[in-house]
Amino acid sequence: MRQLLTRHWTLTAIIVVILLWVGLYLPRTPEFAVVQLKRAIDRRDGEWAAQYVDFDSVVRHAGYEMVDERKGGRMGGLIGRGAVELFSKPLAQIAQQQAERMVNEEAKEVQMPVGAVAAAIVLMHRNSDMASTRFRDSRGRPWEIVMARGEDGRWRVSEVKNIQEILGRPGQTRPAR
């Protein structure tokens with residue numbers, strides 16, 4: 001009888017620890033944010049999905065990446081970076097509105113296949129308040145996503161590296177949908 005009672009308490013303690021982990025630790029991880037982003041997209045809730053993307057940061061980093069790629073000398077880089085700072089806020093607002101609309105309308109471009117989500121989670125590297133992951137989508141395009149933990153403790157996508165390769169270079173024709 002005593003063994004049965006000891007086993008029962010051990011099982012109860014294990015269940016309590018698991019529930020505490022799920023309730024307190026898991027929601028504060030970048031992996032959880034990726035899953036929540038997928039859930040929001042699957043439910044066609046653009047506003048909820050947008051909470052997991054720092055559009056200001058994503059647009060600013062994309063702008064810097066494009067300026068650095070086209071370095072037109074030191075002065076050109078300074079002017080380009082200044083333009084990024086000047087235009088990133090309004091462009092981020094436009095990008096957020098467009099992304100929310102596309103999620104709400106279930107556009108193919110914003111869907112997150114289960115395999116890509118699983119790969120992103122498995123390959124997640126975390127370093128303090130930053131996390132990054134790399135994977136290839138169904139078209140074979142390489143993605144490198146950087147996430148940052150905000151002051152509110154919530155993880156958000158803060159950078160998408162090589163965004164020009166993913167979206168296509170300016171002047172390139174994109175395949176018809």
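The following paragraphs lead the reader through a predicted model, beginning with its sheet and moving on to its core and its loops.

The sheet offers a convenient starting point. Four strands make up an open sheet, arranged in the order β1-β2-β3-β4 with antiparallel pairing. Its edges are formed by β1, residues 125-127, and β4, residues 155-161, each of which pairs on one side only. From one strand to the next, the twist averages 25°. As a general matter, the strands of a sheet pair through backbone hydrogen bonds, in either a parallel or an antiparallel manner.

The sheet may now be followed strand by strand. Three bridges join β1 and β2 in the antiparallel sense, and Arg126 has Ala131 in β2 as its bridge partner. These two strands form a hairpin with two residues between them, and in its turn Ser128 has a positive phi of about 60°. The antiparallel pairing of β2 and β3 runs over seven bridges; here Arg134 has Glu144 in β3 as its bridge partner. The hairpin of β2 and β3 has five residues between the strands, and within this hairpin Gly140 adopts a positive phi near 85°. Strand β3, which covers residues 142-149, pairs with β4 in the antiparallel sense over six bridges. Glu144 appears again at this point, since the bridge partner of Glu144 in β4 is Lys161.

Strand β2 also shows how side chains are distributed between the two faces. In a regular strand, side chains alternate between the two faces of the sheet. Along β2, residues 130-136, Ala131, Thr133 and Phe135 point to one face and are buried. Met130, Ser132, Arg134 and Arg136 point to the other face and are not buried.

The interior comes next. The largest nonpolar core contains 32 residues, and Met147 and Val157 have the most contacts inside this core. At least two residues of the core are supplied by each of α2, α3 (46-50), α4 (55-69), α5 (73-104), α6 (114-122), β2, β3 and β4. The largest share, five residues, comes from α2. The surroundings of Met147 can be described further: leaving aside neighbours within four places in sequence, Met147 is in contact with residues including Pro30, Ala33, Val34, Met124 and Ala131. Trp155, Arg156, Val157 and Ser158 are also among the contacts of Met147.

Arg156 lies in strand β4. What is in contact with Arg156, leaving aside its neighbours within four places in sequence? The residues are Gln51, Tyr52, Val53, Asp54, Val146, Met147, Ala148 and Gly150. Arg156 and Pro30 are 126 residues apart in sequence, yet their C-alpha atoms are 7.7 Å apart in space. Tyr52, one of the contacts of Arg156, also has the charged end of Arg154 over its ring, 5.5 Å from the ring centre. With regard to pairs between rings, the structure holds zero aromatic pairs.

Two loop residues illustrate contacts between separate parts of the chain. Thr29 is found in the loop between α1, residues 2-25, and α2, residues 30-42. Is Thr29 buried or exposed? Thr29 counts as buried because its relative accessible area is 2%, which is under the 20% limit for that class. Not counting residues up to four places away in sequence, Thr29 touches Arg126 and Trp155. Asp54 lies in the loop between α3 and α4 and, at 30% relative accessibility, is partly exposed. Leaving aside its neighbours within four places in sequence, Asp54 is in contact with Arg156, Val157 and Ser158. The C-alpha atoms of Asp54 and Gly150 are separated by 9.2 Å, although these residues lie 96 residues apart along the chain.

Two further loop residues deserve attention for their backbone angles. Most residues other than glycine have a negative phi. Arg44, which is not a glycine, has a positive phi near 55°. Arg44 is found in the loop between α2 and α3 and is partly exposed, with a relative accessible area of 46%. Glu106, likewise not a glycine, has a positive phi of about 60°. This residue lies in the loop between α5 and α6, and Glu106 is partly exposed at a relative accessible area of 40%.

Terms used. Residues are numbered from 1 along each chain as its sequence is written. This is a predicted model: local features need pLDDT of at least 70, side-chain atom pairs count only at pLDDT 80 or more; totals for chains, interfaces and linings use all residues. Side-chain values use heavy atoms; hydrogens and water are left out. Rings of Phe, Tyr and Trp (its six-membered ring) pair if their centres lie within 6.5 Å; planes under 30 degrees apart count as stacked, over 60 as edge-to-face and the rest as tilted. A charge sits over a ring if NZ of Lys or CZ of Arg is within 6 Å of the ring centre and within 35 degrees of the ring normal. Two strands pair if DSSP finds at least two bridges between them. Axes are lines fitted to C-alpha atoms, for helices over the stretch in contact, and angles run from 0 to 180 degrees between N-to-C directions. Buried means under 20% relative accessible area, exposed over 50%, partly exposed in between (1.4 Å probe, protein chains only). Contact means heavy atoms within 4.5 Å. A nonpolar core is a set of buried Ala, Val, Leu, Ile, Met, Phe, Trp, Tyr and Cys residues joined through side-chain atoms within 4.5 Å.
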